[in-house]
Amino acid sequence: MIRTPHTYAEWVEVLKVFKAKEDDSEVMQAMHRGTIEWQSGVAERFSAKLMEAVNTRLNAASDKFQKDMSRARGSEGALVQALLSMRKEMAFLAKAVDIPAVPEEQRKQFVQLVLDQADSAQKSLEDSARKDHSGKLSSVIRNHKVNRF
């Protein structure tokens, strides 16, 4: 069981587990139960650690998606699974960064960064699907958006 973080040092440990994607349900609970003294210095370091962890997870999700897409070889089912997996990770990250211990303004910024990444990924997918003249890929991507959660 992951201890609920209250100090910056404890948050660093929780964020390491979060970044490594070791125990998402436990990490989510700990992050949402945790507290932190939001003061100059701590706030900046905490924000940097959180964004580092989120970026690592976003990059990993993107890499996994690319591998899943290359393995799909035109299989609609595999493509849908890849899209849904990416959507699930984006939704998890958006929920994870909405940490009650963080002031609302910063929380909104953290969530918006994840939403912006999801929107960017969806736009990129739609743009690349335009090259498929059959329209099948475009239809699947529009019907299983990675930014709708």
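**Group meeting: a walk through an all-helix chain**

So, to start with burial: of the 149 residues in this chain, 38% are buried, where buried means under 20% relative accessible area, exposed means over 50%, and partly exposed is in between, with a 1.4 Å probe and protein chains only. Before I go on, this is a predicted model, so local features need pLDDT of at least 70 and side-chain atom pairs count only at pLDDT 80 or more, while totals for chains, interfaces and linings use all residues. Residues are numbered from 1 along each chain as its sequence is written, and side-chain values use heavy atoms, with hydrogens and water left out.

On confidence, pLDDT is the predictor's own confidence in each residue, from 0 to 100. The chain has a mean of 95, and 100% of its residues reach 70 or more. Helix α1, residues 8–20, has the highest confidence, at 97, and helix α6, residues 136–143, has the lowest, at a mean of 92.

Now the overall layout. We have six helices and zero strands; these are DSSP runs numbered from the N terminus, H or I with at least four residues for helices and E with at least two for strands. Reading from the N terminus, the order is simply α-α-α-α-α-α. The C-alpha trace spans about 55 × 30 × 20 Å along its principal axes. And if you take contacts, meaning heavy atoms within 4.5 Å, between residues at least 6 apart in sequence, 68% of them join residues at least 24 apart.

A quick word on the surface. The accessible area is about 8,500 Å², and carbon and sulfur atoms account for 49% of that; this comes from the Shrake-Rupley method with a 1.4 Å probe, and for residues only the protein chains shown count as cover. As for charge, there are 24 positive and 21 negative, and their mean positions lie 6 Å apart. Lys and Arg count as positive, Asp and Glu as negative, and His and the chain ends are not counted. Each charge is placed at NZ of Lys, CZ of Arg, CG of Asp or CD of Glu.

Right, the inside. The largest nonpolar core has 44 residues, and F18, M31, F46, L50, V54, L83 and I99 have the most contacts inside it. By core I mean a set of buried Ala, Val, Leu, Ile, Met, Phe, Trp, Tyr and Cys residues joined through side-chain atoms within 4.5 Å. Which elements give two or more residues to this core? They are α1, α2 (24–33), α3 (42–72), α4 (76–96), α5 (104–129) and α6. The top contributor is α4, with 10 residues.

Have a look at F18. Ignoring neighbours within four places in sequence, F18 touches V27, M31, L50, A53, V54, R57, F92, L93 and A96.

A few other residues to click on. K21 sits in the loop between α1 and α2, with phi near 60°, a positive value in a residue other than glycine. K21 is partly exposed, at 48% relative accessible area.

P100 is in the loop between α4 and α5 and is partly exposed too, at 44%. Beyond its neighbours within four places, P100 contacts H32 and R107. From P100 to R130 is 30 residues along the chain, and their C-alpha atoms are 41 Å apart.

Last one: K136, in helix α6, partly exposed at 43%. With neighbours within four places set aside, K136 contacts G74 and E76. K136 and E104 are 32 residues apart in sequence, with 41 Å from C-alpha to C-alpha.
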